[in-house]
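Subject: Structure for you to look at

Hi,

Here is the structure I promised to pass on. Have a look at it first, then read on for what turned up.

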Amino acid sequence: MSNTPIELKGSSFTLSVVHLHEAKPEVIRQALEDKIAQAPAFLRHAPVVVNISTIDGKVNWLQMQDAIDSTGLRIMGVSGCKDAELKAEIDRAGIPLLTEGKEKVARAAPAAKISPAPAPVVNPVTKTRLIDTPVRSGQRIYAPHCDLIVTNHVSAGAELIADGNIHVYGTMRGRALAGAAGDKEAQIFCTSLAAELVSIAGVYWLSDKIPAEYYGKAARLQLADSALTVQSLN
């Protein structure tokens, strides 16, 4: 046991960054509410950093902060602020001013050359997000517009979120939220079901609702008539 009451350690957390392109608080509030409605399981009450680097004109920070807070998002800091007066206002509001790293300096474009037309670029389609490492307590992993596959264990206090299906090839002890954008066809598959919470399209069970005969077993969860169901994978 340590002889001091506190201990400082380095750590890292994944935070979403909300880039604001408008100085009107009411416009921002409505846009955020629309976005949260698309993936409430992931975004509601989420911690965020607010980037204001592209806003032109004066910003009333107190009104902007109230607008963002009213949506349920938790502001962890503000980045991209270049105005000294606005920085002071944000600081007085008790919000940390953050630096996201050095901005890249644009290189001068080379002289144009006559050359054959380039081949069309084909953007790869992301069908799954694959996680091979253990998911530790406090981690939140989100797979937007695709399935999430974890080939390791998920600790209690961890959270998996996917707009599609969730597959866990290990013990699932944390929270698993499939169909986060409202897809009622999404499913959850795991080789050892010991979750704190499972949810599909917002319909959820806490651990005490998981039938005892499936606890710690390989299981598949899906919706049937808007209710969660579970069946064995063996």
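Four bridges tie strand S6 (residues 140–143) to S8, and the two strands run parallel. One pairing to pick out there is Tyr-142, whose bridge partner in S8 is Ile-161. This is a predicted model, by the way, so please read everything below in that light.

S8 (residues 159–162) also pairs with strand S10 (residues 175–178), again in parallel, through three bridges. For Leu-160, the bridge partner in S10 is Ala-176. Which way do the side chains of S8 point? Glu-159 and Ile-161 go one way, Leu-160 and Ala-162 go the other, and all of them are buried. Yes, that includes the glutamate, Glu-159.

Next, strand S7 (residues 147–150), which is where Asp-147 sits. Is Asp-147 buried or exposed? With a relative accessible area of 19%, Asp-147 counts as buried, because the cut-off is under 20%. Its side chain reaches the backbone nitrogen of Asn-165 at 2.8 Å. Leaving out residues up to four places away in sequence, Asp-147 touches Lys-127, Thr-128 and Arg-129, and also Gly-164, Asn-165 and His-167. So if you click on one residue in this part of the model, I'd make it Asp-147, which has that side-chain contact to the backbone of Asn-165.

Then there is Pro-134, in the loop between strand S5 (128–131) and S6. Pro-134 is partly exposed, because its relative accessibility of 29% falls between the 20% and 50% cut-offs. What does Pro-134 contact once its neighbours within four places in sequence are set aside? The list is Gln-139, Asn-152 and His-153. There is also a C-alpha separation of 8.0 Å between Pro-134 and Thr-151, which are 17 residues apart along the chain.

Elsewhere in the chain, four strands make an open sheet in the order S1-S2-S3-S4, with parallel pairing. Its edge strands are strand S1 (16–19) and strand S4 (97–98), each pairing on one side only. Within that sheet, strand S2 (residues 47–51) and strand S3 (residues 74–79) are joined by five bridges in the parallel sense. Asn-51 has Ser-79 as its bridge partner in S3.

On cysteines: how many disulfides does the structure hold? The answer is zero. Cys-146 is buried, at a relative accessible area of 6%, and Cys-190 is buried too, at 1% relative accessibility.

Some whole-chain numbers for your notes:

- The protein chain has four helices and 15 strands.
- Of its 234 residues, 37% count as buried.
- Among contacts between residues at least 6 apart in sequence, 36% join residues at least 24 apart.
- The chain exposes about 14,900 Å², and carbon and sulfur atoms supply 54% of that area.

That's the lot from me. If you want a place to start, try S8, which is bridged to S6 and to S10, and then go on to Asp-147 in S7.

Cheers

Methods. Residues are numbered from 1 along each chain as its sequence is written. This is a predicted model: local features need pLDDT of at least 70, side-chain atom pairs count only at pLDDT 80 or more; totals for chains, interfaces and linings use all residues. Side-chain values use heavy atoms; hydrogens and water are left out. Buried means under 20% relative accessible area, exposed over 50%, partly exposed in between (1.4 Å probe, protein chains only). Two strands pair if DSSP finds at least two bridges between them. A disulfide is a pair of cysteine sulfur atoms within 2.5 Å. Contact means heavy atoms within 4.5 Å. Accessible areas come from the Shrake-Rupley method with a 1.4 Å probe; for residues, only the protein chains shown count as cover. A polar contact is a pair of N or O atoms within 3.5 Å; within protein, one must be able to donate a hydrogen and the other to accept it, and residues adjacent in sequence count only if both atoms are side-chain atoms.
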